[in-house]
Amino acid sequence: MAHFKLYDTVNAIDYEISKAETSIGRSPESDIRLLSSSVSRNHGVLKIKDDVLSFEDFGSSNGSYINAVKVSGESTLKNGDALQIGDFELRVSLESDQDTTTFNNTDDATQIGGYTPPPVAPVNAAPTPAATPAAIDTSSADIPAMWSENAGLEQATGTIFFSEEAGSEASKNYREGNLDIAAIGDTARLVGLNLSIEGVIYPLDTSTKTVWKIGREQQNVDICVVETSVSGLHAQLINEGPRWKVVNWMSTNGTFVNELKGLSTYLKNGDIIRMGIAEFAFELPSTQKESVSTAKAAAPKKNGFFARLFGK
């Protein structure tokens, strides 16, 4: 007997698929509810028949895609297939009594914006090294608003809209080494730069997890920021082996990296992340170590920006 799962790569959630029919959409009545304005209320349905999993799109506004091919009618899903629904990528995992191979992975109006799903590499293809992409400019009309709260998904939590320029004084102090912060150790981290989080260090230990949820709802996030311009479920920080990215989640005011707004932005050492008016610095473990002479050891420890980056 086959056992099916879908893995939501955006939110790191596993869905067990056991019913003959499992509905997917933005509606509260959907079996799998995907809260994004790029997902229709009744988007489609998963079907299991004779140990075969298939998906049927219900004529959704933005369509559905399997391995970057638009779904037409009812289409069969195989182990490792990528089902793209709006902003979400759902990976199929199949277990059977004979084959235990699995795929592993560390308000009502639907917005139509010429949505094009990202290309999906074949399951067994060798990974292709890629340069760190620039932040995505979400002001373009052909990019759907991921987890758009302006459609009414966030107002109930009391997030205050923020439209002014971010206070750059905090990032300036950080880069000039005016914040008294310990040198970087062996773990990546976020460093709070202003407000109540100024000087607070948030270790990012990849030996225990690869996704960190950031927002104002303490019970639902890993990193809580008590600030009214930060949404309850604001952003996610995701580790992909050697690469890190920050993904806008359900934010009213957006997520910025070095003052560029993005849905999903890859990070480099020293980048400034802003959520509402709360600012963080992203820091990677030091990669340079050198012998310290007696004279250097006797000198006071520097807390400047480069001193922290390189542990000098």
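Of the 312 residues in this chain, 46% count as buried. Keep in mind that this is a predicted model. The accessible surface of the chain comes to about 15,800 Å². Carbon and sulfur atoms hold 51% of that surface.

Next, the secondary structure. The chain has three helices and 22 strands. Let me take one sheet as an example. This sheet is open and has five strands. Their order is 4-3-5-6-9, and the pairing is mixed. Which strands stand at the edges? Strand 4, residues 32-33, is at one edge, and strand 9, residues 74-77, is at the other. Each has a single partner strand, so one side of each is left without a neighbour in the sheet.

What holds strands side by side in general? Strands of a sheet pair through backbone hydrogen bonds, and the pairing is either parallel or antiparallel.

Now look at strand 9 and its partner. Strand 6 covers residues 52-57. Strands 6 and 9 pair in the antiparallel sense, over four bridges. Find Leu53 on your screen. Leu53 stands opposite Leu77 in strand 9.

On to charged side chains. How many salt bridges does a search of the whole structure find? The search finds 12. I will go through a few of them.

Start with Glu89 and Arg91. Their side chains meet in a salt bridge, at 3.4 Å from N to O. Are these two residues buried or exposed? Both Glu89 and Arg91 are buried.

Compare that with Glu240 and Arg243. Their side chains also meet in a salt bridge, at 3.7 Å from N to O. Glu240 has a relative accessible area of 29%, so Glu240 is partly exposed. Arg243 also stands at 29% relative accessibility, so Arg243 counts as partly exposed too. The partly exposed class lies between the 20% and 50% cut-offs.

One more pair. Asp271 forms a salt bridge with Lys268. The closest N and O atoms of this pair are 3.0 Å apart. Why does Asp271 count as buried? Because its relative accessibility is 3%, and buried means under 20%.

Salt bridges can also share partners. Lys47, Glu56 and Glu74 are joined this way into one network. Go back to the sheet for a moment. Glu56 lies within the 52-57 range of strand 6, and Glu74 lies within the 74-77 range of strand 9.

That is the tour: one open sheet of five strands, and some of the 12 salt bridges.

Technical notes: Residues numbered from 1 in each chain as written. Predicted model: local features only at pLDDT ≥ 70, side-chain atom pairs only at ≥ 80, totals over all residues. Heavy atoms only, no water. Helix = DSSP H or I, 4+ residues; strand = E, 2+ residues; numbered from the N terminus. Buried < 20%, exposed > 50% of the residue type's maximum accessible area, 1.4 Å probe, protein only. Areas by Shrake-Rupley, 256 points an atom, 1.4 Å probe, with all protein chains shown as cover. Salt bridge = Lys/Arg side-chain N within 4 Å of Asp/Glu carboxyl O. Pairing = 2+ DSSP bridges.
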